[in-house]
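This report looks at how the strands and helices of one chain are arranged, moving from a parallel region to an antiparallel sheet and the helices beside them. The sequence and the model are shown first.

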Amino acid sequence: MRIDRITLREIRMPLVHPFETSFGRTTERRILLVEVEEDGAVGWGEVTCGERPFYNEEWVDAAWLILRDFVAPRILDIDIASAADVGGRSSHIRGHHMARGGLETAAWDLEARKLGLPLWQHIGGSRTEIDCGVSIGIQDSVEELLELIEREVRAGYQRIKIKIKPGWDVEVVRQVRAAFRTIRLMADANSAYALSDAAHLRRLDEFDLMMIEQPLPHDDIIDHAQLQARLDTPICLDECIRTARHAEQAIEMNAGRIINIKLGRVGGFSEALLVHNVARAHGIPVWCGGMLESGIGRAHNIALSTLDNFTLPGDVSASKRYWKQDIIDPPVEVGPGGTIAVRDEAGFGYELDRDYIDALTVREETIR
């Protein structure tokens with residue numbers, strides 16, 4: 001592989017509905033797309049960081065500079081054995097996994113297209129359809145939340161995730177469970193609590209949750225181990241798992257019983273595969289988390305979710321839940337059984353709506 005052109009594009013896409021978590025409300029996504037080219041063949045990736053450095057330290061403007069000034073010069077016009085080796089070219093850069101992962105996933109897409117293979121097969125996936133859940137943000141009222149859950153349950157989604165934060169947690173979950181006694185339900189705290197809140201979080205044990213996702217700080221594993229020892233409900237680790245070694249450490253300490261794998265958070269497919277394999281070797285199930293991606297990032301998430309240890313429904317839901325119009329054709333659709341059929345076209349499997357991408361683009365830069 002010898003990439004001879006990298007193009008960065010920022011697009012702006014308004015969400016169909018605002019999405020609120022413990023660290024803020026999002027109404028429009030600023031999304032950084034990465035296109036790589038080798039001898040006329042192209043591959044696409046998406047940088048999944050947020051508009052602000054709240055989920056982690058990354059945000060769109062910083063990612064643009066990291067890719068342009070530090071990653072691209074180490075990738076362009078250099079013989080690289082395969083897409084699996086692209087991430088290593090910038091591994092000495094501290095952090096910035098989402099920026100680096102956007103380019104790395106584009107390289108995997110490029111390689112799969114050149115080989116004439118679906119991306120999911122190229123990474124070693126085996127599932128021809130994936131199970132889907134939904135993530136529902138914090139609402140203005142519990143009544144609105146219950147209405148949204150009812151709609152998603154009718155749509156067939158296999159798991160409901162609701163966001164929680166101090167003041168919007170135990171009593172909200174109580175009302176949700178009372179209204180929906182049998183659904184697979186989980187709560188995502190996005191690092192909103194401290195270990196001193198353990199007694200309060202233990203009150204969630206009575207609601208038969210699948211898991212509580214990342215209740216404690218984004219960079220913590222040690223306190224999660226102490227908290228898990230005090231909870232019956234499994235903890236799912238998200239923000240604090242950035243490498244396979246982090247996964248090993250968390251498993252060794254019993255810091256959680258489930259791991260959410262996000263491509264951007266771990267820096268792309270190569271590290272995601274390592275995290276997946278570590279979890280599988282220890283009997284820890286994984287699932288694919290979402291970052292309000294456009295269709296490009298969503299297609300990469302579908303490919304990732306075909307790996308055999310993705311045994312729990314992920315956040316990979318239909319395009320229409322987020323966008324009036326997606327940038328891929330056809331948009332991602334979820335069947336009545338709450339699954340997405342995996343496509344067999346080369347690369348990530350969807351066509352790009354280039355005219356719509358152009359219409360959404362607010363800046364573009366090509367590095368040769």
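Which handedness does the β-α-β unit made by β9, helix α8 and β10 have? In this predicted model, β9, helix α8 (residues 244–252) and β10 form a right-handed unit.

**The parallel strands**

Within that unit, β9 and β10 pair in the parallel sense over two bridges, and C236 has I258 of β10 as its bridge partner. Strand β10 also runs parallel to β11 (residues 286–288), to which three bridges join it, and here N260 finds its bridge partner in W287 of β11. Strand β10 (residues 258–261) is covered on both faces, since I258 and N260 on one side are buried, as are I259 and I261 on the other. The bridge partners I258 and N260 therefore belong to one and the same side of β10, where both are buried under the cut-off of 20% relative accessible area.

The pairings for which bridge counts are available are set out below.

| Strand pair | Sense | Bridges |
|---|---|---|
| β9 and β10 | parallel | two |
| β10 and β11 | parallel | three |
| β1 and β2 | antiparallel | 13 |

**Helix α7**

Helix α7 (residues 222–230) has H224, A225, L227 and Q228 as its buried residues. Seen down the axis of α7, these buried residues fall within an arc of 165°, and so they line one face of the helix. An α-helix has 3.6 residues a turn, so residues three or four places apart point the same way. The face of α7 that is turned away from the buried side carries I222 and A229, which are exposed. The cover over the buried residues of α7 includes α6 (198–202) and β9 (235–237), so that β9, besides pairing with β10, also takes part in covering this helix.

**The antiparallel sheet**

Elsewhere, four strands make an open sheet with antiparallel pairing, in the order β3-β2-β1-β15. Its edge strands, each pairing on one side only, are β3 (41–47) and β15 (361–367). Neighbouring strands of this sheet are turned against each other by 25° on average, direction ignored. Strand β1 (residues 5–21) is joined to β2 (residues 24–38) by 13 bridges, and one of the bridge partnerships links I11 with I31 of β2. Helix α11 (residues 295–304) packs on the sheet, where it touches β2 and β3, and its direction makes about 95° with that of β3.

Note on methods. Residues numbered from 1 in each chain as written. Predicted model: local features only at pLDDT ≥ 70, side-chain atom pairs only at ≥ 80, totals over all residues. Heavy atoms only, no water. Pairing = 2+ DSSP bridges. Axes fitted to C-alpha atoms, helices over the stretch in contact; angles between N-to-C directions. Contact = heavy atoms within 4.5 Å. Buried < 20%, exposed > 50% of the residue type's maximum accessible area, 1.4 Å probe, protein only. Arc of directions from axis to C-beta. Right-handed = clockwise from strand over helix to strand, strands pointing away.
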